[in-house]
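User: I would like a close look at one part of this model. Please keep it brisk, and explain the terms as you go.

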Protein chains: 2
Amino acid sequence: MTDAGYMSRALQLARRGLYSTSPNPRVGCVLVNNGTIVGEGWHQKAGEGHAEVNALRAAGDRARGATAYVTLEPCSHFGRTPPCAQGLIDAGITRVVGAIRDPNPLVAGRGYQMLRDAGIDVTEACLTDEAEAINVGFMQRMRTGLPYVRAKLAHSLDGRTAMASGESQWITGPQARRDVQRLRARSCVIITGVDSVLIDDPSMTVRPAETGIEQPSHLWRQPLRVVIDSRNRLPATAKLLQQAGDILVATLKEPEQPPQRPANSGALRYWQAPASNSGQVDLTALLRYLAEQGHNEVLVESGARLAGAFAAQQQLNELVLYCAPTLLGSDARPLLQLNFSQMQQQLRWQWQDVRMVGNDLRLTLTPEHNPTAAKEA
Amino acid sequence: MTDAGYMSRALQLARRGLYSTSPNPRVGCVLVNNGTIVGEGWHQKAGEGHAEVNALRAAGDRARGATAYVTLEPCSHFGRTPPCAQGLIDAGITRVVGAIRDPNPLVAGRGYQMLRDAGIDVTEACLTDEAEAINVGFMQRMRTGLPYVRAKLAHSLDGRTAMASGESQWITGPQARRDVQRLRARSCVIITGVDSVLIDDPSMTVRPAETGIEQPSHLWRQPLRVVIDSRNRLPATAKLLQQAGDILVATLKEPEQPPQRPANSGALRYWQAPASNSGQVDLTALLRYLAEQGHNEVLVESGARLAGAFAAQQQLNELVLYCAPTLLGSDARPLLQLNFSQMQQQLRWQWQDVRMVGNDLRLTLTPEHNPTAAKEA
């Protein structure tokens, strides 16, 4: 098998961590000795073993003289676990093939250097694009200090998300809603606006059974739910306050009497955001804050106004549109509130993926101006 | 080769007439003698030889004892040409395999009967669905007295066709516009509204070089252009009056002084339509009139109001949407003017085809309530 073949296997292993590793990246590792895979590992969860450690444990003595295929540069620093580069050296690995350099400034080439200094043959940049795509959020956070922001919208052929009254259940089918559960499950954060809470009263939780994802129960985690609520209109009766999982409210001024949550349902924190020019929560500041907290992938599930604000401020890295084969009419609600009057104001996107999800069409796009194209991970 | 294999070839031949046979159906014929194709033919143009005649001419004496594969039941009546069933009998054909019965009440099984009466072995219903799809307009006209109506719209991801000002050139790319040229070329009629003429001043012609279709120059024809103009606002300066090809104006009252067209540019006729309940040209009456004139496939290329009226009256058999990867914003023009207030009013469709055309996504849909699904011909 070629290097790319073994790396493909390592990427496959990395993808097993899609729903559990954050804030850490998804990483896979394959150890090959004399043409035989002698150990495999992937990172499952922050605080637990890195991919290399798990692969070395699986290989035992057979790691000596082996080649290690790693989807991300092995770490060189003491974090919650000792440096993986040292672990590979100690195990007698003689060659390392890596997919991407770790953009984490604590590593950034030092891992590869440590290996080379120990006399190990290092090949870099094997299947780089595929490895980037798996960790699109982690890479972006490390490089820009902002998370990767994905907006999900369900709409009709004529680009409408609900009737004027707000009536919208259901435009898309059960398979599309299950697909959205998977988008939530891979996200670190789900952002919504208080208007959506007041109109739709969503729970915004991950319901593992609905995702169709099979993973051990200890790996499941609820994304942080963020409600943008400039003027503290979040009602204490909101369903999302009752459902388990942490909640952050981004406000312009913390309320004197925040709503109470049921015991053991999770934390409710307020974050006082700077105001934008239009007197709303500054979205870029919020995203920067979320990145500082270690959040890689953010899912925006909101109405037209908030989704439009993210788009207008060019803070969307990806659009995921579920298009149902129906016409809701010209009085129904728009996809995104964007007040353009000239063609030159249009926001152009690039197709990344088009496929049927049940009876709905799923369109995935990235901004034309944004070089970080998302690929299917 | 199987019957289906030879019939596939006959369907391929039939498709060569996609842009030239109307008001006649597209028909192909293959003659097979002892496992060898001895003659092929297709109908090219009304008034010229039918597929069977052309295939018999190609086969000559080798037709004796052969099997004929025909995509439509051979005609049994004297039209502009003698009956093809008789021609097959005279040529000594011993077996006929047909795809569909001719729904034309002048034929309707009599062709097959004439063959059987002459001792010919007849197999019916080979690749029926595929053969129906090629002649979706002809079949519908014969069965219902209405043409097959296709609406083409170009829009953004958020379901908008133009800015509020009317600015719209170009939302979609050159490949999509070329594809529209092919939709026009296969249509018998192109319908637009006078509002579109006043705003966009389109020519609505087929420009053969732009279609990418290769066929002899004598087979090209311009679809009839129909302008719906209840109150005679069509200006004499309209570009479509200057471009060659016949024009029909559907009005509620014929004007005393109709606009003049340049010499040799084609006819300009007025048709006085009954008024609908809302005081507009009655669209169903117009379609019925067009079918009576022998028109099979109608393409609606209009603004949101007229396209919405066709949709609301369930007079659209097919939607062809070219979706450009752009957001035009919530002030831009809607896809279809449809004033619904409740989800139960929604118009549901069925996906028929989804594909990239250049950088735009083409969506083809048929109404959920309509059993006549259009397939790619």
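By what turn and what shift along the axis can chain B be laid on chain A?

Analyst: This is a predicted model: local features need pLDDT of at least 70 and side-chain atom pairs 80 or more, while totals for chains, interfaces and linings use all residues. Residues are numbered from 1 along each chain as written, chains are lettered from A and ligands numbered from 1 in written order, and side-chain values use heavy atoms, without hydrogens and water.

A turn of 180° and a shift of 0.1 Å along the axis lay chain B on chain A, with an RMSD of 0.0 Å (least squares on C-alpha atoms with pLDDT of at least 70 in both). The two copies are therefore related as by a two-fold rotation axis. Both use the same surface: 100% of chain B's contact residues (heavy atoms within 4.5 Å) recur in chain A. B:Gly159 comes closest to the axis among chain B's residues, its C-alpha at 2.1 Å.

Now take helix α4 of chain B, residues 110-117 (a DSSP run of H or I, at least four residues; strands are E, at least two). B:Gly111, B:Tyr112 and B:Leu115 are buried there (under 20% relative accessible area, 1.4 Å probe, protein chains only). Seen down the axis of α4(B), these residues fall within an arc of 95°, so they line one face of the helix (the arc uses directions from the helix axis to the C-beta atoms). Their cover includes α3 (84-90), β4 (95-98) and β5 (121-123) of chain B. After α4(B) comes B:Gly119, with a positive phi near 85°.

Note on methods: Buried < 20%, exposed > 50% of the residue type's maximum accessible area, 1.4 Å probe, protein only.
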